[in-house]
Amino acid sequence: MASRCEQMKKIHGHPCFEANNHKTGRIHLAVAPACNIKCGYCTRKHDCVNESRPGVTSRLLSPLEAMDRVREVMASPIYGSSMRVVGIAGPGDPLANRQTFETFRLVGEEFPDLMKCMSTNGLLLPESLDELSHLNLQTLTVTINAVKPETAARIYSHVFYHGKRYSGKDAAEILLASQYEGIQKAVKLGMVVKVNTVLIPGINDAEIPEIAEKIKDTGVFVMNVMPLIPQAELAHIPAPSAMQLKEARDRNEQIISQMRHCKQCRADAVGFL
Ligand code: CLF
Ligand code: SF4
């Protein structure tokens, strides 16, 4: 496992992994429409809420259109010289879409100096990591909302896994096993990993420190606790207050570094944080 110091060198210039970095930017490529799970707080009318602001729908791009977008941004006087990261974060789950891999391949060929970053629900992570590592994915985010399958079963209604639909505790067990196995393997492969956790009052708030402990043991670099936006099946749960969110992050900070500057970007965001 890379030391903290080595990890910090790897993420130098990454605006999400470095706190207080407002000088270097990231571009998101919205090439991944399909999703393979159902989070209770997702309507699927919008971008993946695991790492974006609900209520926005990004314009979908093909891998070739995405490359045109990267060229345009890299040539722009505002962003060009400050752009460091190309991220794929939806609008569905990047790993449920072959376009993600093709896009990273094309980016790597033409812009080898751009850092490649991805955000996923983790279901297909263990089986995708060798390919992602080969494509030189350097930073990875996985959204993990539980430790116990009983808790996860209250958050996710179903998963589609290897051609079969699972629901309830079966779905939860498959998803959690993939997520924790995936982050462990990603760290071993040298990727710098962030975990996003959606704070869902009354469902996973008490379990968040356990998630923090568990991911710390696997070598995750930083954790990003995000507030629930009540909608879909979880529309009846009140959003956490700013104080609840701060308390959760402060408590976790004793266990693992906390990100506090997330902008809950769109799947087609571009620019600085
Ligand atoms: Fe994008 Fe995510 Fe990579 Fe950043 S966003 S895939 S790690 S390059 Fe950043 Fe945006 Fe927050 Fe994400 S501010 S939503 S944490
Ligand atoms: Fe929605 Fe993202 Fe969850 Fe898929 S992973 S159901 S797109 S929030």
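In what order do the seven strands of the open sheet lie? In this predicted model, the order is β9-β8-β5-β4-β3-β1-β10, and the pairing is mixed. The edges are held by β9 (222-227) and β10 (270-271). Each of these two has a single partner strand, so one side of each is left without a neighbour in the sheet. Further in, strand β4 (residues 115-120) and strand β5 (residues 137-143) run parallel and are joined by five bridges. One residue pairing can be picked out here: Met-118 has Leu-140 in β5 as its bridge partner.

The sheet also leads to the enclosed space. The structure holds four cavities of 30 Å³ or more. The largest cavity has a volume of about 100 Å³. It is lined by 16 residues, of which His-14, Cys-16, His-28, Glu-51 and Cys-117 are the closest to its centre. Three strands take part in this lining, since β1 (25-28), β3 (83-88) and β4 each supply at least two of its residues. By class, the lining of the largest cavity consists of eight nonpolar, five polar and three charged residues.

What sits in the largest cavity? The occupant is ligand 1. Its shell holds 16 residues, and the closest are Cys-16, His-28, Glu-51, Cys-117 and Cys-265. The shell around ligand 1 divides into eight nonpolar, four polar and four charged residues. For the lining of the largest cavity, the corresponding division is eight nonpolar, five polar and three charged. Cavities are found on a grid over the protein atoms alone, so the space is there in the calculation whether or not a ligand is written into it.

The second largest cavity has a volume of about 80 Å³. Thirteen residues line it, and those closest to its centre are Cys-35, Cys-39, Cys-42, Cys-48 and Asn-50. The lining divides into eight nonpolar, three polar and two charged residues. Ligand 2 takes up this space. The residues around ligand 2 are Cys-35, Ile-37, Lys-38, Cys-39, Cys-42, Arg-44, Cys-48, Val-49, Asn-50 and Asn-121. By class, this shell has six nonpolar, two polar and two charged residues.

Besides the cavities there is open space to consider. The largest pocket has a volume of about 240 Å³. Of its 16 lining residues, Phe-17, Glu-18, Ala-19, Gln-258 and His-261 are the closest to the centre of the pocket. Eight of the lining residues are nonpolar, five are polar and three are charged.

The last feature concerns aromatic side chains. A pair of aromatic rings is described by the distance of the centres and the angle of the planes. The count comes to two aromatic pairs. One of them is formed by Tyr-79 and Phe-272, with 5.7 Å centre to centre and 55° between the planes, and is classed as tilted. Where do the two residues lie along the chain? Tyr-79 belongs to the loop between α2 (63-74) and β3, while Phe-272 is in the segment after β10, so the pair ties together parts that are 193 residues apart in sequence. Both places adjoin strands of the sheet described at the start, whose order includes β3 and β10.

Methods
Residues are numbered from 1 along each chain as its sequence is written. Chains are lettered from A and ligands numbered from 1 in the order in which they are written. This is a predicted model: local features need pLDDT of at least 70, side-chain atom pairs count only at pLDDT 80 or more; totals for chains, interfaces and linings use all residues. Side-chain values use heavy atoms; hydrogens and water are left out. A residue is near a molecule or strand if one of its heavy atoms lies within 4 Å of it. On a 1 Å grid over the protein atoms alone, a cavity is a set of points where a 1.4 Å probe fits but cannot get out, and a pocket is an open set with protein on both sides within 12 Å along at least five of seven lines; lining residues have an atom within 4 Å of a point. A molecule sits in a cavity or pocket if more than half of its atoms lie within 2 Å of its grid points. Ala, Val, Leu, Ile, Met, Phe, Trp, Tyr, Cys and Pro count as nonpolar, Asp, Glu, Lys and Arg as charged, and the others, Gly among them, as polar. Grid points are joined across faces, edges and corners, and a volume is the space filled by probe spheres set on the points. Two strands pair if DSSP finds at least two bridges between them. Helices (H or I, at least four residues) and strands (E, at least two) are DSSP runs, numbered from the N terminus. Rings of Phe, Tyr and Trp (its six-membered ring) pair if their centres lie within 6.5 Å; planes under 30 degrees apart count as stacked, over 60 as edge-to-face and the rest as tilted.
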